[in-house]
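Here is a short note for a colleague who is opening this structure for the first time. Please read the points with the model in view.

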Amino acid sequence: MPASTSGGPTDWVTRAADDALRHHERAGDPGKPVTVASGASPSGPIHLGNLREFLTPHFVAEELRRRGVPVRHLHSWDDYDRYRKVPAGVPAEWAEHIGKPLTAVPDPWECHPNWSEHFKAPLRAALAEMGVEMEEISQTERYTAGAYREQVLHAIAHRAKIEEVLARYRTLAAENHIETDDEDEVDVAATEELSRFPYKPYCRTCGRDTTTITSWSDETHDLAYACDTCGFAGVTNLDTQFEGKLVWKVDWPMRWAYEGVDFEPGGLDHSTPGSSYTVGKELVSEVFSGEAPAYVAYAFVGFAGMQKMSSSAGGVPIPADALTVLEAPMVRWLYVRRQPKQAFNIDFGPEVVRLYDEWDSLTRKATVGEKRDVAVLAWERATSTAAAGALPTPPVVVPFRLLSSVADVTAGNVSVITSVVAGSGFAVSEPADLEPRLRRARAWTAEYVDEDARTTVRTSPAPRLAELSAQESEWIGLLLAHLPADYALDELTTVIYGVPKLARGLAVTDAPTEEVKADQKAFFALLYDLLVAAERGPRLPTLFLALGDETVRSLLTA
């Protein structure tokens with residue numbers, strides 16, 4: 001087995017890649033690449049929780065590529081699944097499509113060929129931005145082309161064994177009050193023998209799966225059924241007509257064997273006794289003569305700070321939403337730095353600022369190269385891929401808190417933001433030097449900062465300016481007298497912090513006394529009130545730099 005660590009740090013990706021290799025050496029075809037797999041049903045928005053399904057095998061594949069091991073990331077779109085319900089925001093008449101394959105349901109927004117493609121498209125774009133490449137399979141195409149003909153007939157021939165396994169796990173789950181992910185419905189109208197048939201046909205006339213199997217011939221492979229919706233009754237021949245699919249708990253292990261899958265993750269709901277993986281692990285060996293892939297279960301990914309969000313459906317955040325405020329390597333990092341079983345939240349609120357600080361600190365640690373630990377390994381996995389190389393990062397790294405503060409004060413004015421950042425001591429000559437971070441700071445400020453937390457610059461002097469105390473008037477006078485002709489962050493910081501010192505007869509470079517510290521607090525509160533009608537706001541030197549001398553003087557002069 002190719003070396004996994006070369007003496008360096010190891011993480012969950014390292015161990016999962018080792019498991020995938022061992023599985024391939026034991027059960028795989030030595031002439032084929034290691035297969036890591038994922039699968040998802042495009043029945044609705046593919047949200048940030050679903051993203052773990054894609055990124056978990058991606059990181060494992062990347063680790064194998066790093067070792068020089070041939071590998072493919074195979075993704076199955078379960079687009080031959082039934083359309084189950086009409087979600088909020090979709091016309092009520094879409095109820096007529098319930099029971100049809102997702103690929104047969106029209107796109108109500110009329111921007112994609114069908115329902116399925118409407119939800120695949122934004123996920124594909126987000127994955128491309130994050131450097132994720134995979135070989136995609138449409139289960140609609142596979143089933144309707146007859147690719148699984150032999151496997152379907154084999155499953156039906158072994159339906160007694162399949163039902164024996166399923167029944168045992170149903171009993172276990174019931175006795176122990178275990179919730180499962182059982183989606184395989186009992187056909188109550190069918191005979192007892194056919195009520196849990198492992199194959200479900202779609203009606204040839206109306207296209208729905210609201211069918212009751214009335215007979216099956218092991219000799220001719222004719223399957224007779226009646227449609228409960230449109231009344232059609234007919235026969236489909238499973239040798240020549242491909243109009244249905246295996247039920248989910250049989251379909252998944254069938255595909256493991258068919259594709260030679262060596263590693264695949266799954267949600268925790270697929271991992272309890274009686275759920276898809278535990279049942280499939282037994283069926284793949286006893287029915288399909290295969291071996292279940294190496295497996296990791298992953299936990300829930302939640303979200304917060306989304307009060308202002310208006311994503312594509314139902315307010316559910318999708319990867320594209322995260323990428324509007326977080327750089328692509330950061331989104332990857334959130335998923336790779338934690339064990340898959342560790343749940344976490346992605347916070348779109350003030351936590352974003354702290355997250356960028358943490359990321360920039362880790363980047364400095366990684367680029368210095370003094371200590372390559374697990375945290376640095378996660379950074380390496382997040383920042384580059386074998387195919388894309390290093391993912392985009394800003395040529396000039398400016399703290400997100402500075403960019404967002406200036407974007408807040410300037411209403412996202414790109415040229416002003418660039419000028420302020422340059423005045424803050426960063427080697428910036430054009431907005432492109434700040435991308436892709438700049439547009440994320442502007443988007444976050446505009447879309448996710450609450451109105452009561454926004455900075456609103458006064459348009460005229462505050463009434464309070466005419467009622468200042470003698471002490472306050474002295475502070476404002478000293479400030480206006482000492483402001484530099486050309487604003488720069490260091491000079492502004494010295495002056496703003498130095499005004500209370502000057503008022504007490506000290507030099508601006510002197511250490512502050514306790515009295516000066518109290519004066520500074522009162523002076524800063526005064527400035528925030530006079531400039532932005534608030535008790536607090538962006539750092540005052542940054543605020544002055546963003547407003548410019550003309551605005552500052554107009555608001556501080558009676």
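Which residue takes a positive phi in the hairpin of β6 and β7? The points below start there and then move through the rest of the model, which is a predicted one.

1. The hairpin. Gly231 is the residue in question, with a positive phi near 90°. Five residues sit between the two strands of this hairpin. Strand β6 covers residues 222–227, and strand β7 covers residues 233–237. They pair in the antiparallel sense over five bridges. One pair to look up is Asp222 with its bridge partner Asn237 in β7.

2. The sheet. β6 and β7 belong to an open sheet of three strands, in the order β5-β6-β7, with antiparallel pairing. β5 (211–216) and β7 are at the edges, and each has a single partner strand, so one side of each lacks a neighbour in the sheet. From one strand to the next, the twist averages 30°. Strands of a sheet pair through backbone hydrogen bonds, either parallel or antiparallel.

3. The other pairing. β5 and β6 also run antiparallel, and five bridges join them. Here Thr212 stands opposite Ala226 in β6.

4. A residue to check. Most residues other than glycine have a negative phi, and most peptide bonds are trans. His221 has a phi near 65°, a positive value in a residue other than glycine. His221 lies in the loop between β5 and β6. Please look at the backbone there.

5. A cis peptide bond. The bond from Glu435 to Pro436 is cis, with omega near 10°. Pro436 is in the loop between α14 (414–423) and α15. Point 7 comes back to α15.

6. The first helix pair. Two packed helices are described by the angle between their axes and the distance between the axes. Helix α1 spans residues 12–27, and helix α2 spans residues 51–66. Their axes are 9 Å apart, and the packing angle is about 75°. The two helices are therefore roughly perpendicular to each other. On the α1 side, the contact involves Trp12, Val13, Thr14, Ala16, Ala17, Ala20 and Leu21. On the α2 side, it involves Thr56, Phe59, Val60, Glu63 and Leu64. By class, this contact has nine nonpolar, two polar and one charged residues.

7. A second helix pair. How do α11 and α15 lie, and at what angle do they cross? The axes of α11 (residues 351–368) and α15 come within 12 Å and cross at roughly 160°. That makes α11 roughly antiparallel to α15. From α11, the contact uses Val352, Val353, Tyr356, Trp359 and Asp360. From α15, it uses Arg437, Arg440 and Trp444. The classes here are five nonpolar, no polar and three charged residues.

8. The second largest pocket. This pocket holds about 740 Å³ of space. Its lining has 29 residues, and those closest to its centre are Ser405, Asp408, Ala453, Gly537 and Pro538. Two elements give two or more residues to the lining: α13 (400–409) and α15 (437–448). The largest share, five residues, comes from α13. By class, the lining divides into 12 nonpolar, 10 polar and seven charged residues. Helix α15 thus appears here as well as in the contact with α11.

9. The cavities. How many cavities of 30 Å³ or more are there? The count is three. The largest cavity has about 80 Å³ of space. Its lining consists of Tyr143, Gly146, Ala147, Tyr148, Arg149, Val152, Tyr199, Leu238, Gln241, Phe242 and Gly244. These residues divide into seven nonpolar, three polar and one charged. Arg149 is one of the lining residues.

10. Where to look again. Two backbone features deserve a second look: the positive phi of His221 and the cis bond before Pro436. For the sheet, start from the order β5-β6-β7. For the helices, compare the angle of about 75° for α1 and α2 with that of roughly 160° for α11 and α15.

Note on methods. Residues are numbered from 1 along each chain as its sequence is written. This is a predicted model: local features need pLDDT of at least 70, side-chain atom pairs count only at pLDDT 80 or more; totals for chains, interfaces and linings use all residues. Side-chain values use heavy atoms; hydrogens and water are left out. Axes are lines fitted to C-alpha atoms, for helices over the stretch in contact, and angles run from 0 to 180 degrees between N-to-C directions. Helices (H or I, at least four residues) and strands (E, at least two) are DSSP runs, numbered from the N terminus. Angles under 35 degrees count as roughly parallel, over 145 as roughly antiparallel, 65 to 115 as roughly perpendicular and the rest as oblique. Contact means heavy atoms within 4.5 Å. Ala, Val, Leu, Ile, Met, Phe, Trp, Tyr, Cys and Pro count as nonpolar, Asp, Glu, Lys and Arg as charged, and the others, Gly among them, as polar. Two strands pair if DSSP finds at least two bridges between them. On a 1 Å grid over the protein atoms alone, a cavity is a set of points where a 1.4 Å probe fits but cannot get out, and a pocket is an open set with protein on both sides within 12 Å along at least five of seven lines; lining residues have an atom within 4 Å of a point. Grid points are joined across faces, edges and corners, and a volume is the space filled by probe spheres set on the points.
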